[in-house]
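Visitor: Could you take me on a close look at one part of this model, starting from a single residue and then working outward to the helices and loops that follow? I'd enjoy a connected walk rather than a list.

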Amino acid sequence: MSSTYKTYLVGGAVRDQLLGHPFSDYDWVVVGATPEIMLDAGFRPVGQDFPVFLHPQTGEEYALARTERKSGQGYGGFTFHTSPDVTLEQDLIRRDLTINAMAMAMDADCQVIDPYGGQRDLADRVLRHVSPAFVEDPMRVLRVARYAARYHRMGFTVAPETMALMRELAESGELQALTAERSWKEISRALMEPNPEIFIRVLRDCGALAELLPEVDRLFGVPQPKAHHPEVDTGEHLLLVLHTAAQMQLSLPARWACLLHDLGKGLTDPAHWPKHHGHETKGLTAVKAVNKRCKAPRDCQELALLTCEYHTHCHRALELRPGTLLKLFKAFDIYRRPERFEQFLGTCEADARGRTGLENEPYPQADYLRAAARAARNVSVESLLSQGLEGAELGKGLERERERAIAEFKAQFTP
């Protein structure tokens with residue numbers, strides 16, 4: 001491209017470079033160019049809403065500097081304008097947070113262009129919106145909450161004035177215009193941040209949790225027996241579980257299951273508080289509703305449902321009879337899906353340790369169930385085939401032998 005057109009590194013790459021964090025995504029803005037210039041330089045056009053081009057060698061995205069105007073509801077309700085006259089400052093002001101509204105010149109000095117105080121807010125550990133146009137995009141509520149979850153350990157907090165705008169968005173009904181696909185992308189990324197519980201906390205503080213995940217929001221204020229849950233409040237317990245899940249570096253399906261495992265407690269008649277008999281099966285309808293509304297991937301959906309129904313089985317594992325253990329293993333299909341059962345054990349350990357004062361308690365149930373599952377898996381079908389069993393009789397015989405193997409394991413087990 002001609003030297004009259006300037007290219008800048010922008011957004012997260014600049015932010016993370018200033019924080020000293022590793023980064024792999026490079027976003028570029030080109031000021032003073034036209035689509036024709038980009039095409040002539042060998043760039044390939046992508047995107048339908050505004051001109052974005054892929055570099056012919058690196059494949060990285062280069063976007064023409066642009067302005068935007070609100071033209072409808074939701075994340076996609078914008079009209080974009082590109083022109084060689086659009087300045088870098090005009091492009092940056094449309095971004096969500098000041099720490100994401102910086103650019104770096106691609107010259108010998110690598111000068112940082114920071115018209116909206118991003119470096120100051122990095123130093124002060126503040127997540128602050130760039131302009132009042134923040135309220136035009138409801139997706140920014142989830143993004144700010146996600147950044148809060150990412151940078152919580154560094155002391156970052158949401159600026160009060162930004163939280164006020166997030167509350168305004170939550171109250172406006174605009175969050176309902178978000179597509180399930182876009183919402184899931186932010187939720188799933190937030191759950192994998194170092195402090196996913198902060199994502200939920202921030203959403204609740206601004207009123208967005210009640211709009212996006214009312215089944216989860218309903219858990220706050222619901223008491224549990226203090227003898228088992230010193231934190232008492234079910235919502236606070238959930239936050240502790242998510243925190244523990246992150247410390248354990250659990251997978252996304254496991255963290256999603258952690259988020260939804262206690263939804264049944266939000267459906268308990270207050271007259272029965274703080275007890276929640278049958279919350280495991282009561283919660284299944286709510287889990288199904290959240291799975292469907294969020295369009296969660298199949299592995300996340302399945303593990304969330306199974307964890308909701310069976311997490312107390314895991315906690316009481318040492319008390320379960322061989323036949324009950326066999327039914328548990330069958331529900332998880334441990335013979336063909338061993339990884340799913342392992343994820344379940346992780347969610348249950350996070351649930352058990354996600355309690356005030358019990359964060360470092362051992363969870364022997366997990367190893368016990370792993371060993372019992374091994375005993376069931378080690379039953380050989382060949383010996384049954386040699387007896388001439390086939391079809392339904394073979395299946396019944398296999399079940400009998402597996403239950404016998406589990407019983408033998410239990411008889412030999414020493415806590």
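Guide: Happy to, with the reminder that this is a predicted model. Let's start at Thr-234, which lies in helix 11, a helix covering residues 234–247. Is Thr-234 buried or exposed? Its relative accessible area is 1%, under the 20% cut-off, so Thr-234 counts as buried. A polar atom of its side chain sits 2.7 Å from the backbone oxygen of Val-222. Setting aside neighbours within four places in sequence, the residues in contact with Thr-234 are Leu-219, Val-222, Pro-223, Gln-224, Asp-262 and Lys-265. Val-222 therefore appears both in that contact list and as the owner of the backbone oxygen facing the threonine side chain.

Moving along the chain, we come to the loop between helix 12 (252–260) and helix 13, where Pro-274 is found. The peptide bond leading from Trp-273 into Pro-274 is cis, and its omega is near 0°. That deserves a pause, because most peptide bonds are trans.

Next is the pairing of helix 13 (residues 279–294) with helix 14 (residues 298–315), whose axes come within 8 Å and cross at roughly 165°. An angle over 145 degrees counts as roughly antiparallel, and so that is how helix 13 and helix 14 run relative to each other. Helix 13 passes helix 14 in a right-handed crossing. On the helix 13 side, the contact is made by His-279, Glu-280, Gly-283, Leu-284, Val-287, Lys-288 and Asn-291. Helix 14 contributes Gln-301, Ala-304, Leu-305, Cys-308, Glu-309, His-311 and Thr-312. Sorted by class, this contact of helix 13 with helix 14 has five nonpolar, six polar and three charged residues.

The loop between these two helices holds Lys-295. The phi of Lys-295 is near 50°, a positive value in a residue other than glycine. Most residues other than glycine have a negative phi.

Asp-333 gives us one more stop, in the loop between helix 15 (322–332) and helix 16 (338–353). Here, too, phi is positive in a residue other than glycine, with a value near 50° for Asp-333. Asp-333 has a relative accessible area of 16%, and since buried means under 20%, this loop residue is classed as buried. That brings our walk from Thr-234 in helix 11 to Asp-333 in its loop to an end.

Terms used
Residues are numbered from 1 along each chain as its sequence is written. This is a predicted model: local features need pLDDT of at least 70, side-chain atom pairs count only at pLDDT 80 or more; totals for chains, interfaces and linings use all residues. Side-chain values use heavy atoms; hydrogens and water are left out. Axes are lines fitted to C-alpha atoms, for helices over the stretch in contact, and angles run from 0 to 180 degrees between N-to-C directions. Helices (H or I, at least four residues) and strands (E, at least two) are DSSP runs, numbered from the N terminus. Angles under 35 degrees count as roughly parallel, over 145 as roughly antiparallel, 65 to 115 as roughly perpendicular and the rest as oblique. A crossing is left-handed if the near helix is turned anticlockwise from the far one by less than a right angle, and right-handed if clockwise. Contact means heavy atoms within 4.5 Å. Ala, Val, Leu, Ile, Met, Phe, Trp, Tyr, Cys and Pro count as nonpolar, Asp, Glu, Lys and Arg as charged, and the others, Gly among them, as polar. Buried means under 20% relative accessible area, exposed over 50%, partly exposed in between (1.4 Å probe, protein chains only). A polar contact is a pair of N or O atoms within 3.5 Å; within protein, one must be able to donate a hydrogen and the other to accept it, and residues adjacent in sequence count only if both atoms are side-chain atoms.
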